[in-house]
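Trainee: I've got a structure open and a pile of terms I keep hearing. Can we go through what earns each label?

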Amino acid sequence: MAASCDLLDVEPPELQFPFELDKQISCPLKMTNKTDRTVAFKVKTTSPKKYCVRPNNGVVLPRSTCEVVVTMQAQTVAPPDLQCKDKFLVQSVVVGDGLSAKDITPQMFMKEEGNVVEEVRMRVVYVMPPESSSEIAEESDGPQRILVPMHRSADNGRSPSELSSGSVSLRSADLGTEVGSPAGPVVRTEELLKATGSAAVCAI
């Protein structure tokens, strides 16, 4: 769908900017000459300091297309509810064949001079930006963090400090159960102490 006049079709019919703070955002405009005549155009806006239009005027050859890029300067404050009142105006007029962009003058678009000037009006719309890849990565990391407490529960609720110290083995021996086995054979305290002592000697 395009905004249209007798000379040009302008796409899109409204300028949509995915609004982000402190970032320049561009929106392309495609102008199609529907006639068999050469058409000159000029782009105007209600907020000239806020937007940069390249090129802001030019010539579209018969049955051909020209692209214009509208860039919104980086904004430091977001408007309430992302509402925008900015508007753009594309003026077009038939000119002689062989005319180039450098030959365009402001007088060509003055209706007071007797020129037949066509106009297409467009509004500016702010939209939410697409979800960034970093945000998607953070969401995918969520389940991995949940695995940490689940791993601890597999060790019968003991903390890492308890598992790394020898006090766990001694307490388990006092309870009369084999370490790491919920229903293993009874191990005497003396036998466990002898085993741990011999292991310590071998380690030395």
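Trainee: Which residues have the most contacts inside the largest nonpolar core?

Mentor: Keep in mind that we're looking at a predicted model. Its largest nonpolar core has 29 residues, and L8, F17, Y51 and F88 have the most contacts inside it. Several strands give two or more residues to this core, among them β2 (8–11), β3 (15–18), β6 (51–54) and β9 (87–95).

Trainee: What is Y51 in contact with, leaving aside its neighbours within four places in sequence?

Mentor: Quite a list: F17, T45, V70, T71, M72, Q73, C84, D86, F88, V124 and Y126. Each of those earns the word "contact" because heavy atoms lie within 4.5 Å.

Trainee: Which residues does the second, separate core include?

Mentor: That core has 7 residues, including A40, V59, M108 and F109.

Trainee: T71 was on your list for Y51. Why is T71 called buried?

Mentor: Set the value against the cut-off: buried means under 20% relative accessible area. T71 has 14%, so T71 counts as buried. You'll find T71 in strand β8.

Trainee: What makes the link between T71 and S26 a polar contact?

Mentor: The distance is one part of the test: N or O atoms have to be within 3.5 Å, with one able to donate a hydrogen and the other to accept it. The side chains of T71 and S26 are joined at 2.9 Å, so the distance fits the cut-off. Not counting residues up to four places away in sequence, T71 touches Q24, I25, S26, K50, Y51 and C52.

Trainee: How do you know that E14 and R123 form a salt bridge?

Mentor: Side chains of opposite charge can pair when their charged atoms come close. The limit is 4 Å between a side-chain nitrogen of Lys or Arg and a carboxyl oxygen of Asp or Glu. For E14 and R123 the closest N and O atoms are 3.3 Å apart, so the pair qualifies. This pair links distant parts of the chain, with E14 in the loop between β2 and β3 and R123 in strand β10, 109 residues apart.

Trainee: Are E14 and R123 buried or exposed, or something in between?

Mentor: In between! Partly exposed covers what lies between the 20% and 50% cut-offs. E14 has 21% and R123 has 49%, so both get the label "partly exposed".

Trainee: How many salt bridges does the structure hold?

Mentor: There are 8. One of them joins the side chains of E20 and K23, at 3.3 Å from N to O. Another is between E119 and R121, at 3.2 Å. Salt bridges that share partners join K111, E119 and R121 into one network.

Trainee: Why is R121 called exposed, while E119 is called partly exposed?

Mentor: The exposed label needs over 50%. R121 has 62%, so R121 is exposed. E119 has 23%, so E119 is partly exposed.

Trainee: I can see cysteines. How many disulfides are there?

Mentor: A search of the whole structure finds 0. A disulfide is a covalent bond between the sulfur atoms of two cysteines. To count here, a pair of cysteine sulfur atoms would have to be within 2.5 Å. As for burial, C5 has a relative accessible area of 8% and C66 has 16%, so both count as buried.

Trainee: Which peptide bonds are cis?

Mentor: Two to look at: the bond from E11 to P12, with omega near -5°, and the bond from R54 to P55, with omega near -15°. P12 lies in the loop between β2 and β3, and P55 in the loop between β6 and β7 (57–60). Most residues other than glycine have a negative phi, and most peptide bonds are trans.

Trainee: What makes R63 and L82 worth a look, then?

Mentor: Their phi values are positive, though neither is a glycine: R63 is near 55°, and L82 is near 55° too. R63 is in the loop between β7 and β8, and L82 in the loop between β8 and β9. With 55% relative accessible area, R63 is exposed, whereas L82, with 21%, is partly exposed.

Notes. Residues are numbered from 1 along each chain as its sequence is written. This is a predicted model: local features need pLDDT of at least 70, side-chain atom pairs count only at pLDDT 80 or more; totals for chains, interfaces and linings use all residues. Side-chain values use heavy atoms; hydrogens and water are left out. A nonpolar core is a set of buried Ala, Val, Leu, Ile, Met, Phe, Trp, Tyr and Cys residues joined through side-chain atoms within 4.5 Å. Buried means under 20% relative accessible area, exposed over 50%, partly exposed in between (1.4 Å probe, protein chains only). Helices (H or I, at least four residues) and strands (E, at least two) are DSSP runs, numbered from the N terminus.
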